[in-house]
Amino acid sequence: MPAGHVSRVRALYRRILLLHRGLPPDLKALGDQYVKDEFRRHKTVGSDEARRFLQEWEATVLWQQTNENQQNSTERVCFGAALPEEKLNDFRDEQIGQLQELMQEATKPNRQFSVTESRKPKF
């Protein structure tokens, strides 16, 4: 793999994790784990799939940044986005299953991740 590709992947991965810092703790933990798993799953794919993977994640990051800027101006918090049917038609069965699992986990009333924010003790 060319060095430029590796640095592009690492920069994208770091940017996604930075964006997750603005999420509630349980969604941050879920998102961080999902991104980690996705990047590992795509570590050994062919060049065409790797290119598409990066393009989709870069588009997601751009969308998140735009959404974050809009939320800062309107103070309305919104997470996620609807996928158009034409994008869903391009997904493999395995990817549809992963999306279904992610949706179920993200919408559970009692989430698996029990993360609390650390607070400094008051004296």
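**Note on the aromatic cluster and glutamate 38**

1. Phenylalanine 39 counts as buried because its relative accessibility is 10%, below the 20% limit for that class. The model is a predicted one.

2. The ring of phenylalanine 39 pairs with that of phenylalanine 53. A search of the whole structure finds five aromatic pairs. In this one the ring centres are 5.1 Å apart and the planes stand at 75 degrees, so the pair is edge-to-face. Phenylalanine 39 sits in helix H2 and phenylalanine 53 in helix H3 (residues 47-74); with their positions 14 residues apart, the pair links distant parts of the chain. Phenylalanine 53 has a relative accessible area of 12% and is therefore buried.

3. Phenylalanine 39 also pairs with tryptophan 57, with ring centres 5.9 Å apart and planes at 50 degrees, so this pair is tilted. Because phenylalanine 39 belongs to helix H2 and tryptophan 57 to helix H3, the pair ties together parts 18 residues apart in sequence. Tryptophan 57 is buried, its relative accessible area being 13%.

4. These pairs belong to a wider group: ring pairs link Tyr13, Tyr34, Phe39, Phe53 and Trp57 into a cluster.

5. Glutamate 38 is in helix H2 (residues 25-41). Its relative accessibility is 7%, so glutamate 38 counts as buried. Leaving aside residues up to four places away in sequence, glutamate 38 touches Phe53, Trp57 and Gln98; Phe53 and Trp57 are also members of the ring cluster.

6. What joins the side chains of glutamate 38 and arginine 41? A polar contact of 2.7 Å does so.

Key. Residues numbered from 1 in each chain as written. Predicted model: local features only at pLDDT ≥ 70, side-chain atom pairs only at ≥ 80, totals over all residues. Heavy atoms only, no water. Helix = DSSP H or I, 4+ residues; strand = E, 2+ residues; numbered from the N terminus. Buried < 20%, exposed > 50% of the residue type's maximum accessible area, 1.4 Å probe, protein only. Polar contact = N/O pair within 3.5 Å; in protein donor to acceptor, adjacent residues only side chain to side chain. Contact = heavy atoms within 4.5 Å. Phe/Tyr/Trp six-rings, centres within 6.5 Å; stacked < 30°, edge-to-face > 60°.
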